Amino acid sequence: MKADVGFLSSDAMKGRLTGSIFQDIAAEYIASRFSEIGLKTKGDKNTYMQTFYFSPAADPHSTSPTLATGQDSLKIINVAGYIDNNAAQTLIIGAHYDHLGDGHSGFSLSTEGGIHNGADDNASGVAALLEVASRVVARNDNRRTIVFAAFGAEEMGLIGSKQFTAEPPVDLSKTTAMVNFDMVGRLDTVTQALSIGGTQTSLQSEEILNRLNPGFKLAFSGEGIGPSDHAPFYLLNIPVFFEKENINTGSMESELFLSILSGVAEGESTSISENNKWGIKKRFENGTYKLGYVPYGYRWENGEIIVDPEQAVIVK
């Protein structure tokens, strides 16, 4: 993990600014690590890369950017690989790899010049993503298909993850959860708590986390909306986990994340249908419900939601 953080956050990478050659180098590095780990490709044309072009707003704080195809726009790259277990359900694990360059891009809150290395934000998250991928491949005992995605352009407004969900390389209706690693390089310096968001976006989340906790002080946050790449998935009614300020990427002694992933992927205590009903109920209560797709176990037919017999067998 130290090697991954060290490479991505080195001065030579110049802060991994979206649209720069250093973004491309970072993406190629992550793709090479996916290949080394043994993940299959899940990008364009049998590669790990999902490449698209984007025109950022002149003032990112007032005008919405738009997708573009011309060469005058920024090239953005998502990197995606997966473990194909020929499963009916999918788990997505993600982390953004871009950062702020020299801080003069218009998206930085800092007024200081110089390279913004982004070791914590978010080389740490990418290192955690790669470590989990390596361990899950080695264990080879998960019954779900698992997709690992490194998103570009998070700092510009979650552009990479929005594009991933707009043109998904997997069927999102079969996705049971999305786990997002963002700034996981250290515990909260005041509370020493392990912070996990999205814990009320499915029914059994907090029970699983508490049961599998090896001894951390846990700080839960229930909401699924937040300024990171889990938000576009939550808006499609997918349960999310947002891991922030939680593991020491220097020592990586805890097995918590693999336990969390196994617990979520296996859904030990509650069915997928109960998760969906709980999440929908919560979103109706707070006024944020949007029907991006029908819950697993159902399908659209002639403008109505009906039971899908094949999926219903799995849910049962």
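Leaving aside its neighbours within four places in sequence, which residues is D229 in contact with? Select D229 in this predicted model, and look for it in the loop between β9 (217-221) and α6 (231-234). Beyond that sequence neighbourhood, the residues in contact with D229 are H96, F151, E154, L158, S161, M178 and N180. Of these, S161 deserves a closer view, since its side chain and that of D229 are joined by a polar contact of 2.6 Å. D229 is buried and nevertheless has no salt bridge, the nearest side chain of opposite charge being that of K162, at 8.7 Å.

**The loop before β7**

Move next to S173, which is found in the loop between α4 (159-166) and β7. S173 counts as buried because its relative accessibility is 19%, which falls under the 20% cut-off. Show the side chain of D171 as well, and a polar contact of 2.6 Å between the side chains of S173 and D171 can be drawn. Then add N237, which is 64 residues away from S173 in sequence, while the C-alpha atoms of S173 and N237 are 9.2 Å apart in space.

**The nonpolar cores**

Now select F34, V79, I93, Y97, F148 and F181, which touch the most other members of the largest nonpolar core, a set of 41 residues. To see where this core comes from, colour α1 (2-8), α2 (21-37), β4 (74-83), β5 (90-96), α3 (119-139), β6 (145-151), β7 (175-181) and β8 (193-197), each of which supplies at least two of its residues. The largest share, 9 residues, comes from α3. A second core, separate from this one, has 14 residues, and Y82, A149, F151 and F233 are among them. F151 has already appeared on this tour, as one of the residues in contact with D229.

**Salt bridges**

Turn to the charged side chains, where the count of salt bridges comes to 7. Begin with D4 and R33, whose closest N and O atoms are 3.0 Å apart in a salt bridge. This pair links distant parts of the chain, as D4 is in helix α1 and R33 in helix α2, 29 residues apart. Are these two residues buried or exposed? D4 is buried, with a relative accessible area of 5%, and R33 also counts as buried, at 15% relative accessibility.

Go on to D24 and K75, which form a salt bridge with their closest N and O atoms 3.1 Å apart. Because D24 lies in helix α2 and K75 in strand β4, the pair ties together parts that are 51 residues apart in sequence. The two partners fall in separate accessibility classes, for D24 counts as buried at 17% relative accessibility, whereas K75 counts as partly exposed at 28%.

Within helix α3, select E131 and R135, which are 4 residues apart, about one turn of the helix. Their salt bridge has its closest N and O atoms 2.7 Å apart. Finally, return to D4 and R33 and add E36, since salt bridges that share partners join D4, R33 and E36 into one network.

**Helix α5**

For the last stop, select helix α5 (residues 205-212), where the buried residues are S205, I208 and L209. Looking down the axis, one can see why they lie on the same side of α5: they cover an arc of only 95 degrees around it. An α-helix has 3.6 residues a turn, so residues three or four places apart point the same way.

Conventions. Residues are numbered from 1 along each chain as its sequence is written. This is a predicted model: local features need pLDDT of at least 70, side-chain atom pairs count only at pLDDT 80 or more; totals for chains, interfaces and linings use all residues. Side-chain values use heavy atoms; hydrogens and water are left out. Buried means under 20% relative accessible area, exposed over 50%, partly exposed in between (1.4 Å probe, protein chains only). The arc is that of the directions from the helix axis to the C-beta atoms. A nonpolar core is a set of buried Ala, Val, Leu, Ile, Met, Phe, Trp, Tyr and Cys residues joined through side-chain atoms within 4.5 Å. Lys and Arg count as positive and Asp and Glu as negative; His and the chain ends are not counted. A salt bridge is a side-chain nitrogen of Lys or Arg within 4 Å of a carboxyl oxygen of Asp or Glu. A polar contact is a pair of N or O atoms within 3.5 Å; within protein, one must be able to donate a hydrogen and the other to accept it, and residues adjacent in sequence count only if both atoms are side-chain atoms. Contact means heavy atoms within 4.5 Å.
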